[in-house]
Amino acid sequence: MNTNLSSSVPSQLETDCLVAVVLDQAENARSENARGEKDKPSPSVECSDAAVREAAQDVIAGGEVTGKTFETTLLHRPAGLKAKRLLLLGGGKAKHFNAAELRKLAGAAVRTLKSKSIRSFAFALPESSVAAADGVRAIVEGAFVGNFEPGYYKSDRKDSDQKIDAVTIVVNKDRQGDMKGLETAMQAGRIVAESQNFTRDLVNEPSNLMTPTILAERAKKMAAEVGLICEVYGADKIKALKMGAFWGVAQGSDEPPALIVLRFDPVGAADKVHLGLVGKGVTFDTGGISIKPADGMEKMKYDMAGAATMIGAMRAIALLKPKVKVTAIICATENMPSGKAQKPGDVQIAMSGKSIEIINTDAEGRLILADGLCYARQLGCTHLVDAATLTGAVVVALGYVNAGVFASDDQMYERFAKANKAAGEKMWRLPLDDEYKENLKSNIADMVNAGSRWGGAIFAAMFLKEFAEDTPWIHLDIAGTAWMEDSKPWIAKGPSGIALRSLVEFVKGWAP
Ligand code: BES
Ligand code: MN
Ligand code: ZN
């Protein structure tokens, strides 16, 4: 998809469709009074071009357009405009409007227009509430996210099908002071969004076409394209490093595991900071001997979303070049039942030397991450972040809306929360009190890998904390958010690419 900035007067721009945001300026939430009358919405078009406002006048006056979020009104041959169509896109209450809302609106514009076989459009940059550069970025990011379709293996799929080819962002003349800055924002948005879609590509693949070996190849190819160092190791290295927890999972599969390391080490990097990004790359999770029920098991192809997120984040980092040393460590394997598979009751010795009693072979993510975190520390990482589709329990706790965040260090959490807010992704912090540690006790080993149902997401995080040890660490449980259960106006059903934008923003925050 091409992206352009334009300083034209919106009404004078020739385009297949001009998109303008409509905000509701009414102060209060609409409520009914005693006589059953509702407070009137007060919609206004976010475009100071009088001709555009004029073109929207009738549908606004008639009450058809209210500015409600995702309300779409498509006008053909709008009078006074060179555009063939005018799409009025509701953005909700003006006082709640922000970059995150705008990002979704851009995705909704793409999804609305591409379904009508429109290939290109222009989006009028809203003129209030959002800073110009943030707005440009949000529109580009949202547009790319909205353009992604997961139906790869449909035999009638054509690349050109239902895709937007070009988006122009029209900047009002009051906001044209720093067009170069806006150009930079547009390119940055593009890098992040294309990386997010790269992650979604990886997650979308079925497990027969996304084995650990294939995941490693995709990482290598990407690394060569963007100038990252990529090393891929197999079973021999995993055993040589004494990664007994990782190998305990991998031993059950005929598909060889892969330990993927991606390195970004720019000249002039911040002193004494080395970020480690650790990803769970279970390319298929059957549960192992503690096998999962058949119902819904097909979704366990997305159990490598944490890995894909870290690989995609490294792509964005390599292209944006913040002066921060970052290493990604991806533990990729299948979790299979077989004659070679580990069994409940087995004891595995992790790379750190700690022993683990395997209570449930379906609690495999924490095992591979335990060794991934330990390896990151051995490589000298000063701060760790992991991303994993780790527990069904986080879905019980937070549903499909928020990802779970756990942090061992409040300062590091503050940095992450700031990045997360700027990225506009929904996440919620969950606790790691020492009291939960009780549940890790084993009769035979240093700890068990699974406990009771209650607080399952916290248990998993407490387990990982044993391996992050005293290195400041953040754990993202994306089990409920890495896959969209339904399509939304701004995004297709399927892989979401959650956490990538926050991670990239977080990494940028460490640059001197
Ligand atoms: N990959 C699953 C977690 C998961 C669940 C991801 C739903 C995406 C959607 C993980 O490996 C797992 O099986 N966890 C178990 C742990 C339990 C056995 C302690 C779970 O959550 O049920
Ligand atoms: Mn599992
Ligand atoms: Zn899993």
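This passage looks at a zinc site and an internal cavity in a predicted model. Local features here need pLDDT of at least 70 and side-chain atom pairs count only at pLDDT 80 or more, while totals for chains, interfaces and linings use all residues. Residues are numbered from 1 along each chain as written, ligands are numbered from 1 in the order in which they are written, and side-chain values use heavy atoms, with hydrogens and water left out.

The zinc ion (ligand 3) is held by K280 (NZ), D285 (OD), D303 (OD) and E364 (OE), at 2.0 to 2.4 Å. Donors here are N, O and S atoms within 2.8 Å of the metal (3.2 Å for Na, K and Ca); water is not among the atoms, so sites may look incomplete. Six donor atoms surround the zinc ion, with angles of 77 to 174° that make the site octahedral (six donors, opposite ones over 155 degrees apart and all others between 65 and 115). D285 does double duty, coordinating both the zinc ion and the manganese ion (ligand 2), which sit 3.2 Å apart. K280 lies in strand β10 (residues 274–285) and E364 in the loop between β13 (355–357) and α9 (365–378), so this pair ties together parts 84 residues apart in sequence (strands are DSSP E runs of at least two residues, helices H or I runs of at least four). K280 is buried, at 1% relative accessibility, and E364 is buried at 1% as well (buried means under 20% relative accessible area, with a 1.4 Å probe and protein chains only).

As for the largest cavity, its lining has four nonpolar, six polar and no charged residues, with Ala, Val, Leu, Ile, Met, Phe, Trp, Tyr, Cys and Pro counted as nonpolar, Asp, Glu, Lys and Arg as charged, and the others as polar.

Key:
Tetrahedral: all angles 85-135°; square planar, octahedral: opposite > 155°, others 65-115°. Buried < 20%, exposed > 50% of the residue type's maximum accessible area, 1.4 Å probe, protein only.
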